[in-house]
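Me: Pick one part of this structure and take a close look at it for me. I'd like to know what it is made of, what sits around it, and how the rest of the chain fits in.

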Amino acid sequence: MTSADFAVAPRHDLSLRKVSVSAPGRLHLGFLDPSGSLGRSFGSLGVVIGGFTTEVELAASELDRLTGDTPAAQAELERAAAHLERLRQRSGCHAPLSLRLRQVLPAHAGFGSGTQLASAIGRAFAEWHGLDLDTVTLAHWLGRGLRSGIGIAGFDIGGLLLDGGPGPDGLPAPLLSRIAFPPEWRIVVVQDPGHRGLSGGEEKKAIAALPPLPQAAAAEICHQVLMRVLPAAATAEFAPFAAGINRMQQLLGEHFAPAQGGVFTSAAVARLMQWFADASRAGGAAIGQSSWGPTGFAIVPSEAQAQLLVDAARASGRAGPQLELHIVSGRNSGAVVQDRIAQPRAC
């Protein structure tokens, strides 16, 4: 596409205008078939969560100005600048802007930080210039969704999401299913800030070095997702949902263990996840690692059970000083876009 493809409104004096976007984090619950035993690789299951967000703000400026409100946000400024340049190249809109990163998701930790940053900047840019661009197009422009489409769909609509893996056209994976995450269920998110998961070139090399996931294992994962996880989420039946997630995580964890040093990337997270599994055996819990970690999760059927797990882990010292524990809900809505002056600015 070029600038000729877009209708842009006349220039206005919008010096006070600010466009802000708040994008939610997600947990990647696993791939369906990372080796593509039937010819189509990956396919992903994931859930959008509350409590973790990327927030960006775009405003008028005489010259380009990029700022970050936190050390983590400042560390993303180079990537943000590259996104802004790419958007200009693809759209033909070159007006100087002030881009402020108010808050970012933890990087390389399993929350989809790269996709949410790109999508938030892309959406703010499109809103600012009055460009009619969907999230899939913006993500494609910015090189996101090469393996998973969960973050892209999650940006738009939230919920428990299933995608079909990217196709040969290079576009992000199509969304196959979206189910509202049961509002009473809770997720204990366990972070290990001292570790980082694989990403970018390292992730690509790690996947290439692994032996193919056997077709029988991929078939079982698909069966667990289609006939256990999704129906149970749709009807809020926790036990079969947890059983399906746990089996999926077991198969994938064993497959990726050689590349990430074990079923879990972080040994501290692994120990706590095992303790969670033992402690919640009576009530059940869906336990695993998001993407390459190090973030672990324990999905439980209620706020009360989540609080009991967290309190017991802290009281017993099982959590350890290096781990951070948060109780969050699933989020059944996507990004929030706010435009203080609802008129587009010219390129």
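Reply: First, a bit of vocabulary: a residue is buried under 20% relative accessible area, exposed over 50% and partly exposed in between (1.4 Å probe, protein chains only). By that yardstick Pro-211, at 52% relative accessibility, counts as exposed. This is a predicted model, so local features need pLDDT of at least 70 and side-chain atom pairs count only at pLDDT 80 or more, while totals for chains, interfaces and linings use all residues. Residues are numbered from 1 along each chain as its sequence is written, and side-chain values use heavy atoms, with hydrogens and water left out.

Let's zoom in on helix α10, residues 303–316 (helices are DSSP runs of H or I, at least four residues; strands are runs of E, at least two; both are numbered from the N terminus). From first C-alpha to last, its 14 residues reach 20 Å, close to the 20 Å expected at 1.5 Å a residue (that is, 1.5 Å times one less than the number of residues). On the buried list for α10 you'll find Gln-305, Ala-306, Leu-309, Val-310 and Ala-313. Looking down the axis of α10, these buried residues fall within an arc of 130°, so they line one face of the helix (the arc is that of the directions from the helix axis to the C-beta atoms). The background is simple: an α-helix has 3.6 residues a turn, so residues three or four places apart point the same way. Turned away from the buried side of α10, the other face carries the exposed Ala-304, Leu-308 and Ala-315. Right after α10 comes Gly-317, with a positive phi near 80°.

So what covers the buried residues of α10? The cover includes β7 (186–191), α9 (267–279), β9 (296–300) and β10 (324–328), counting contact as heavy atoms within 4.5 Å.

Take α9 next. Its 13 residues should span 18 Å at 1.5 Å a residue, and the end C-alpha atoms are 18 Å apart, which agrees. Buried in α9 are Ala-268, Val-269, Leu-272, Met-273, Trp-275 and Phe-276. Seen down the axis of α9, they fall within an arc of 160°, so here too the buried residues line one face of the helix. The cover over them includes β7, β8, β9, α10 and β10, so α10 is listed among the cover of α9, just as α9 is listed among the cover of α10.

Now β9. Five of its five residues are buried, so β9 is largely enclosed by the rest of the structure. Gly-296, Ala-298 and Val-300 point one way from the strand, while Phe-297 and Ile-299 point the other way. On one pairing, β7 and β9 run antiparallel and are joined by five bridges (strands pair if DSSP finds at least two bridges between them). Val-188 stands opposite Ala-298 of β9 in that ladder. β9 also pairs with β8 (residues 286–289), again antiparallel, through four bridges, with Ala-286 matched to Ile-299. The hairpin of β8 and β9 has six residues between the strands, and Ser-291 there takes a positive phi near 55°.

Back to Pro-211, for a view from elsewhere on the chain. Pro-211 sits in the loop between α6 (200–209) and α7 (215–234). Setting aside neighbours within four places in sequence, Pro-211 is in contact with Ser-35 and His-255. Its C-alpha is 39 Å from that of Ser-302, with the two positions 91 residues apart along the chain. For a contrast, His-83 lies in helix α2 (residues 77–91) and counts as buried at 8% relative accessibility. Leaving out neighbours within four places, His-83 touches Ala-118, Ile-121 and Leu-142.

Another set of strands shows both pairing senses. β2 (residues 42–60) and β4 (residues 97–103) are antiparallel over six bridges, with Glu-55 opposite Gln-103. β3 (residues 65–68) pairs with β4 in the parallel sense over four bridges, and Gly-68 has Leu-101 as its bridge partner.

Stepping back, the protein comes to ten helices and eleven strands. Buried residues make up 54% of its 347 residues. The C-alpha trace spans about 65 × 45 × 35 Å along its principal axes. Finally, among contacts between residues at least 6 apart in sequence, 77% join residues at least 24 apart.
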